[in-house]
Amino acid sequence: MYVWSKRIVITLLVTFGVLQALFWNAATGGSTSELTTRTTHWLGINYFLLVVWVFVWIYDQARVRGKNAWGWLLPLLVAPLPTLVAFVLVLQRRLK
């Protein structure tokens, strides 16, 4: 099933990039951060749990298709959404 289009992928990647830029801009700077400690911890915990959940899904999907999932772990830790999108697109390539 081919449900991902290039338009969706580009939109997701641009959205991810904008949100990352906004977060890092709010978290860093010359003055005190505008983010509270609780918000930063909440974001960190959600990020970690997202990475765990997505890797379990990637591992399962790769196992079903007879592929190796461990090569996707490092990129997944750095940027979960772009890695997930790339993984889905790689798995959906038409086989020749």
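**Aromatic pairs and helices in a predicted model**

Five aromatic pairs are present in the structure, which is a predicted model. One of these pairs is formed by Phe55 and Trp70, whose rings lie 5.1 Å apart from centre to centre, with 50 degrees between their planes, an arrangement that counts as tilted. This pair connects distant parts of the chain, since Phe55 belongs to helix H2 (residues 37-65) while Trp70 sits in the loop between H2 and helix H3 (73-78), the two residues being 15 residues apart. The partners also contrast in their accessibility: Phe55 counts as buried because its relative accessibility is 12%, and buried residues are those under 20% relative accessible area, whereas Trp70, with a relative accessible area of 52%, is exposed because the cut-off for that class is over 50%. Together with Tyr59, Phe55 and Trp70 make up one aromatic cluster.

With regard to the overall arrangement, the chain comprises four helices and zero strands, so that its elements, read from the N terminus on, follow the order α-α-α-α. Of the 96 residues of the chain, 21% count as buried. Among the contacts in the chain with a separation of 6 or more, 59% are accounted for by residues 24 or more positions apart. The area exposed by the chain is about 7,600 Å², of which 68% is supplied by carbon and sulfur atoms.

A part of this surface is taken up by a nonpolar patch, which consists of Ile10, Val14, Val18, Leu19 and Leu22 and has about 480 Å² of accessible area when these residues are taken together. Ile10, one of the residues of the patch, is located in helix H1, which covers residues 6-27. The relative accessible area of Ile10 is 53%, and this residue is therefore exposed. As general background to the spacing of residues along such an element, an α-helix has 3.6 residues a turn, so residues three or four places apart point the same way.

Helix H4, which covers residues 80-91, contains 12 residues and reaches 16 Å from its first C-alpha to its last, a span that is close to the 16 Å expected at 1.5 Å a residue. The buried residues of H4 are Pro80, Thr83, Leu84, Val85, Phe87, Val88 and Leu91.

Methods
Residues numbered from 1 in each chain as written. Predicted model: local features only at pLDDT ≥ 70, side-chain atom pairs only at ≥ 80, totals over all residues. Heavy atoms only, no water. Patch = residues over 30% accessible without salt bridge, like charges linked within 9 Å, V, L, I, M, F, W, Y side chains within 5 Å. Areas by Shrake-Rupley, 256 points an atom, 1.4 Å probe, with all protein chains shown as cover. Salt bridge = Lys/Arg side-chain N within 4 Å of Asp/Glu carboxyl O. Buried < 20%, exposed > 50% of the residue type's maximum accessible area, 1.4 Å probe, protein only. Phe/Tyr/Trp six-rings, centres within 6.5 Å; stacked < 30°, edge-to-face > 60°. Expected span 1.5 Å × (residues − 1). Contact = heavy atoms within 4.5 Å.
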